[in-house]
Amino acid sequence: PLGSEILGIAFPDSALSGLEGEGLITSTRDGRRLEVALAHPLYTELLRSRATSLQEREAYRRLRRALEASGSKRAADRYRLLAWRVAEGLSVDQSELLDAAVSVSGDDPRTAERLLRAAADHGAGFDVLWRLGLLRVDLGLFDPAETAFASAAKLAEASDSVAPATC
């Protein structure tokens with residue numbers, strides 16, 4: 001779910017009202033915040049499968065800018081912002097990605113996987129690749145997990161071969 005104030009910055013209120021009227025999104029109160037979510041998890045998959053790469057990047061750009069403009073201070077919003085920057089193709093500090101992935105892995109393992117994948121794509125080390133492999137196993141993504149473990153093993157072998165001898 002996202003706060004309606006963020007979506008209201010990124011998209012016209014009339015569009016959001018129309019989507020809610022059609023039953024595609026729902027809105028609920030969480031304290032003072034009005035949260036908006038897709039009405040069914042399959043809608044997320046449908047949107048992702050039909051969006052072109054440029055459409056997806058534009059959506060993340062709009063959401064990122066709206067979140068930045070809202071001045072939100074919630075931890076979950078910080079992690080979202082990192083994930084959206086990654087999806088938008090912007091550079092993000094690897095240590096921030098790892099910290100965020102560790103923080104959200106219990107509640108949102110798919111976001112954690114995207115954050116770890118981004119860190120791995122930008123040359124992260126053994127720890128990130130190993131965590132990525134473990135998380136992918138938990139998500140049932142066994143082939144990608146094997147790839148992450150193999151990359152981690154190559155890094156470990158390479159570091160052993162260039163590490164100074166300590167006899």
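**Helix packing and pockets**

Colleague: What are helix 5 and helix 7 to each other, in terms of angle?

Modeller: This is a predicted model, so local features need pLDDT of at least 70 and side-chain atom pairs 80 or more, while totals for chains, interfaces and linings use all residues. Numbering runs from 1 along each chain as written, and side-chain values use heavy atoms, without hydrogens or water. The axes (lines fitted to C-alpha atoms over the stretch in contact, angles 0 to 180 degrees between N-to-C directions) of helix 5 (residues 75-88) and helix 7 (residues 109-121) come within 10 Å and cross at roughly 50°. That angle is neither under 35, over 145 nor 65 to 115 degrees, so the two helices are oblique.

Colleague: Which residues of helix 7 make the contact with helix 5?

Modeller: Contact means heavy atoms within 4.5 Å. On the helix 5 side you've got L82, A83 and V86. Across from them, helix 7 brings T111, R114, L115 and A118.

Colleague: Which element gives the most to the lining of the largest pocket?

Modeller: Several elements each supply at least two lining residues, among them helix 2 (13-21), strand 3 (33-38) and helix 4 (53-70). Of the 44 lining residues, those closest to the centre include L2, L38 and R48. With 8 residues, the top contributor is helix 3.

Colleague: And how many residues does helix 7 give to the lining of the second largest pocket?

Modeller: There are 14 lining residues, and E56, R110, E113, R114 and R117 are the closest to the centre. Helix 4, helix 5 and helix 7 each give two or more. Helix 7 gives the most, and its count is 6 residues.

Note on methods
Helix = DSSP H or I, 4+ residues; strand = E, 2+ residues; numbered from the N terminus. 1 Å grid on protein atoms, 1.4 Å probe; cavity = no way out; pocket = protein on both sides within 12 Å on 5 of 7 lines; lining within 4 Å.
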